[in-house]
There are 4 protein chains.
Amino acid sequence: MNADTTARLLITCPDRPGIVAAVSGFLFNHGANITALDQHSTDPEGGLFFMRLEFQTPHLDVPREVLEKAFAASVASRFAMEWRISYAADRKKVAILVSKYDHALLELLWRHEGGELPGRVTQVLSNHPDLRAEVERFGLPYHHVPVEKDRKEEAEAAMLTYLEGTDLVVLARYMQILSPAFVAQFPYRIINIHHSFLPAFIGANPYKQAYVRGVKLIGATAHYVTEALDQGPIIEQDVARVSHRQGVEELVRLGRDLERTVLARAVRWHLEDRILVHGNKTVVFV
Amino acid sequence: MNADTTARLLITCPDRPGIVAAVSGFLFNHGANITALDQHSTDPEGGLFFMRLEFQTPHLDVPREVLEKAFAASVASRFAMEWRISYAADRKKVAILVSKYDHALLELLWRHEGGELPGRVTQVLSNHPDLRAEVERFGLPYHHVPVEKDRKEEAEAAMLTYLEGTDLVVLARYMQILSPAFVAQFPYRIINIHHSFLPAFIGANPYKQAYVRGVKLIGATAHYVTEALDQGPIIEQDVARVSHRQGVEELVRLGRDLERTVLARAVRWHLEDRILVHGNKTVVFV
Amino acid sequence: MNADTTARLLITCPDRPGIVAAVSGFLFNHGANITALDQHSTDPEGGLFFMRLEFQTPHLDVPREVLEKAFAASVASRFAMEWRISYAADRKKVAILVSKYDHALLELLWRHEGGELPGRVTQVLSNHPDLRAEVERFGLPYHHVPVEKDRKEEAEAAMLTYLEGTDLVVLARYMQILSPAFVAQFPYRIINIHHSFLPAFIGANPYKQAYVRGVKLIGATAHYVTEALDQGPIIEQDVARVSHRQGVEELVRLGRDLERTVLARAVRWHLEDRILVHGNKTVVFV
Amino acid sequence: MNADTTARLLITCPDRPGIVAAVSGFLFNHGANITALDQHSTDPEGGLFFMRLEFQTPHLDVPREVLEKAFAASVASRFAMEWRISYAADRKKVAILVSKYDHALLELLWRHEGGELPGRVTQVLSNHPDLRAEVERFGLPYHHVPVEKDRKEEAEAAMLTYLEGTDLVVLARYMQILSPAFVAQFPYRIINIHHSFLPAFIGANPYKQAYVRGVKLIGATAHYVTEALDQGPIIEQDVARVSHRQGVEELVRLGRDLERTVLARAVRWHLEDRILVHGNKTVVFV
């Protein structure tokens, strides 16, 4: 449900009895109608507890800020919760970074145009000029930020200026490695699509690696970007069957379809606040 | 979690605000620790609401019967709930009905022996004598109840005697059609495996039908048995890819693997109280 | 392999010994290098035999016409073959028919632009004006042919004029039923995408039907159009997992992704001459 | 087709024009009826060529040995072929090595009993005594060969004695690493099931590794055993979807089902002579 009256409460805390009762009781008492609830416990005896609630706001008895303050005071502090509330009406601002391949980019722009991605794509950044026309025909600004050897810092500074106010950065086959300083600006808010079934085939040319190893399935992985290359928390993966018949080029072609759908799913889930990160793993409530 | 201290509360009721708060508050106040919670609403504005909770019973402040009475009085009646609590320690008694094919039967017996099916298989009934040795080597009683033309009533009467006290009847490729009177004894407690992707290929020889139609995927469907042949609520389905290369025999062979896994999943979910039926559909909380 | 030097020979004939030797010997003797060969026999003892060969033409010792005449005389007649040779350099002319949904259309246009469909899309026809801009931004002509009640004949006549010289007609969610007379103009050269796992849910609103029946997988089917609605030879099918959580709208959304990929695969295979039809079934050599 | 009159010819050679014509002509001239033919070329211009033919032997004009000699002299030598002919009537002798887990073993024994594995399982070897009863109820000999630390050589010597005359060794979760000397006795005739999607999670405890990495799919891989641990040519792989909900134990349970089916497929294909190895990869004609 993405109605503009929908809010989502996300919680991570140590597991112990009484959390569901406290949270649902609090919301009910304030006139919030819970329309979805997912929870997960890594271990009921002293593990971590994760919860996602969707609730409807029309009959709230207090303004948002008051509700949040009351929640912090009366519930969150008691259970040592990390938490946040987001409102579907505040659509997240999304920037897409791309190099020369257009398939993952176009898939996102299409779905965005068709109303399938509940965010607002505001711009596309690229280290190449090639895809300008394709982006502009969607009515979106295209910023070409070349990344020259030994001058990556400058390029990233320019990009950060463009990205001010951005909620989510999507790497739709962006072929530059981002610096730790850049990544630190968007903690668990940069999603990358890696063209292999991670952790197999980290690094460059995964389809070539897959071909050489002779695997019978190829994959794609959407993950949050962290300092460690291709090692961030995995959001979604999928695979397709291949055989001896496919050469590297054919693997690339089949892989494109995987990359498109896997990335689109991960972006959608992020925009719907379905993903919680803990350690180097994700909890995805779908 | 199938520990012997686990209980499960299943609820169906009209949707309206406050249900989660009331149920979770009730359980918390009685010392029950909620370890899993799933809910589903067909329509938050006046639809049906479904909920499944797993909770741990060691610290209950009252005996089971008192807890259930209190729940009925203080929560269930208020929200017009259909509900039930089941206890993992009360392992459901399962009878398997079979004809001549052994694959679905053996899959269940293996998993049962390996501790993967949280119920207790108590007997196997068959209209043929063929599989006695295979069943008996699992240490289970095998009852041969022939079904003669025009004397089905007698046969079913004999079967009902054997089945007294049975919680779940599994048709593991049992090739006789059960009478409505028989089915009525086990409402939504008979699971059948149909060897097609229902509603395609209802009735006899679905693999032959699939071959003639030239489908590119074959399927299997586990469903609850109702009066209408092959029309009961679907629990689980799966498919496998086929091509022009497979003749009917090969479809049968591939289909066997589907039937085994689809039926095993459905039985497991039933035994873990994960399935709610409404109308002719299921809500499966997995 | 789609190089311009590639030719494909497709054969259907009664099965009997010596076919492979005769065909491969003939090609070798004329300087054709076989680069792919698939065969299928429904029954080696008197069934039907199907074969697809790809061969390279640069070293042919005679012109195409002479080769074909020689093949007819010395091989095809001996084995009572139905056969045809097609040349990758003669790219098939494709027309797409569409109504208001753009997803299947755009998928095809995009793959066409990216070189993934080895044919030549020449035009888009629609009974609605809505998608003109989207089509024209690919540089393709868009013909709006309204279909008024009781005047379908006229509309089809207009469409046939546009379609003169077309090799393949693709119905990318075209919501009008074509008359038998129209279909007869393109025997096994009209591909439709049906939004269900046929033969389940024939006719209108298959996602609604799937929702009502409570299936756990939804599907899409690409098939050749024949006189019988939704009954033509199936080319390709695929499914996606769903649950009680998805309402009809969500099924529609998930189904769109299936429709896109299933239709694209079927069109590609047709353009690469990988499909042989016999009776109401297909042999697809992939 | 596994009829006792079926023979299979497997060929690997440098690719060049005329191979199909020469082979099929040879067989036809000797009264062999080709009932299946698959070929693959890594690169038509100077790559490797692989071919598998099934043919029926009742009308051969010469005895097997004469046929093979003639083939060597007139065809194989001309094209520098590696080749072999095997006869379905000579069912391959299979030994299964196992430790304590029974699922992969039982799957094979059960399919063997049901006629689905076209070989002859002759014995089961284990470094533990645990599974004796389960094996013996299939009427098969069970040899317990303990492997003591620092005395592996002795154990392997004992095993080799038992394995004399064995055509295929299947490691159905056999937890000892075989020495290179042992492996060298059965080149590309030892199949192992690894409980991960190789090359991800090589080595011990792959499900634990998968859990820690937070993958969204787990897999299983059947491969030929070579000197390099978990690095031999991959025959078959499959995956199953998982989420944050599954702990390590649940991954193990789900993985068991993958291991069973993936290993059974690989063994079946080997027994039907469908696998050709080149370099560290397989060509599997299915």
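Which residues does D:His40 touch, not counting residues up to four places away in sequence? In this predicted model, the list runs across two chains: D:His40 touches A:His244 and A:Arg245 on one side of the boundary, and D:Leu48, D:Phe49, D:Phe50, D:Val283 and D:Phe285 within chain D. D:His40 is part of strand 2 of chain D, and because its relative accessibility is 9%, under the 20% limit, this histidine counts as buried. A polar atom of the side chain of D:His40 lies 3.3 Å from the backbone oxygen of A:His244, and this pair offers a starting point for the boundary between chains D and A.

In that boundary, 34 residues of chain D are in contact with 34 residues of chain A. The two chains bury about 2,900 Å² between them, with 52% of that area on carbon and sulfur atoms. On the chain D side, the residues that lose the most area to chain A are D:Arg213, D:Lys216 and D:His244, which together account for 25% of what that side buries.

The polar part of this interface comprises 6 salt bridges and 21 residue pairs in polar contact, counted where both residues have a pLDDT of 80 or more. The side of chain D that touches chain A draws at least two residues from each of strand 2 (33-41), helix 7 (206-213), strand 11 (234-241) and strand 13 (281-284) of chain D. Strand 11 of chain D provides the largest share, 7 residues, and by residue class this side of chain D divides into 15 nonpolar, 9 polar and 10 charged. One salt bridge between the two chains joins A:Asp38 to D:Arg245, with the closest N and O atoms 3.8 Å apart.

Chain D also reaches a position in chain A that carries an annotation. An unreviewed UniProt entry places the feature "active site" at A:Asp230, a residue found in the loop between strand 10 (217-224) and strand 11 (234-241) of chain A. A:Asp230 counts as buried because its relative accessibility is 8%, below the cut-off of 20%. Leaving out residues up to four places away in sequence, A:Asp230 touches A:Asn192, A:His194, A:Leu198, A:Ile202, A:Gly203 and A:His223 in its own chain, and D:Arg213 in chain D. With one of these residues, A:His194, the side chain of A:Asp230 makes a polar contact of 3.4 Å. D:Arg213 thus appears both in the surroundings of A:Asp230 and among the residues of chain D that lose the most area to chain A.

Chain A has another partner in chain C, and here the contact takes 14 residues from chain C and 16 residues from chain A. About 1,600 Å² is buried between these two chains, 37% of it on carbon and sulfur atoms. Within chain C, C:Trp110, C:Arg137 and C:Arg253 lose the most area to chain A, and together they make up 40% of what that side buries.

What is the count of salt bridges between chain C and chain A? The count is 12, and one of the bridges is formed by the side chains of A:Asp257 and C:Arg111, at 3.0 Å from N to O. Residue pairs in polar contact, both at pLDDT 80 or more, number 7 between these chains. Helix 3 (103-113) and helix 8 (248-271) of chain C each supply at least two residues of the side that touches chain A, and the largest share, 6 residues, comes from helix 8. That side of chain C divides into 3 nonpolar, no polar and 11 charged residues.

In chain B, helix 3 can be considered for its burial. This helix, residues 103-113 of chain B, is largely enclosed by the rest of the structure, because 10 of its 11 residues are buried; among them are B:Leu105, B:Glu107, B:Trp110 and B:Arg111. Helix 3 of chain B is followed by B:Gly115, whose phi is positive, near 80°.

A last position, again in chain A, is A:Pro146, in the loop between strand 7 (142-144) and helix 5 (152-162). A:Pro146 counts as partly exposed because its relative accessibility is 42%, a value between the 20% and 50% limits. Apart from its neighbours within four places in sequence, A:Pro146 is in contact with A:Asn127 and A:Ala155. A:Pro146 and A:Arg268 are 122 residues apart in sequence, and their C-alpha atoms are 29 Å apart in space.

Conventions: Residues are numbered from 1 along each chain as its sequence is written. Chains are lettered from A and ligands numbered from 1 in the order in which they are written. This is a predicted model: local features need pLDDT of at least 70, side-chain atom pairs count only at pLDDT 80 or more; totals for chains, interfaces and linings use all residues. Side-chain values use heavy atoms; hydrogens and water are left out. Contact means heavy atoms within 4.5 Å. Buried area is the accessible area (1.4 Å probe) that two parts lose on being put together, summed over both. A salt bridge is a side-chain nitrogen of Lys or Arg within 4 Å of a carboxyl oxygen of Asp or Glu. A polar contact is a pair of N or O atoms within 3.5 Å; within protein, one must be able to donate a hydrogen and the other to accept it, and residues adjacent in sequence count only if both atoms are side-chain atoms. Helices (H or I, at least four residues) and strands (E, at least two) are DSSP runs, numbered from the N terminus. Ala, Val, Leu, Ile, Met, Phe, Trp, Tyr, Cys and Pro count as nonpolar, Asp, Glu, Lys and Arg as charged, and the others, Gly among them, as polar. UniProt positions are given in the numbering used here, feature names are shortened, and annotations may be inferred rather than shown by experiment. Buried means under 20% relative accessible area, exposed over 50%, partly exposed in between (1.4 Å probe, protein chains only).
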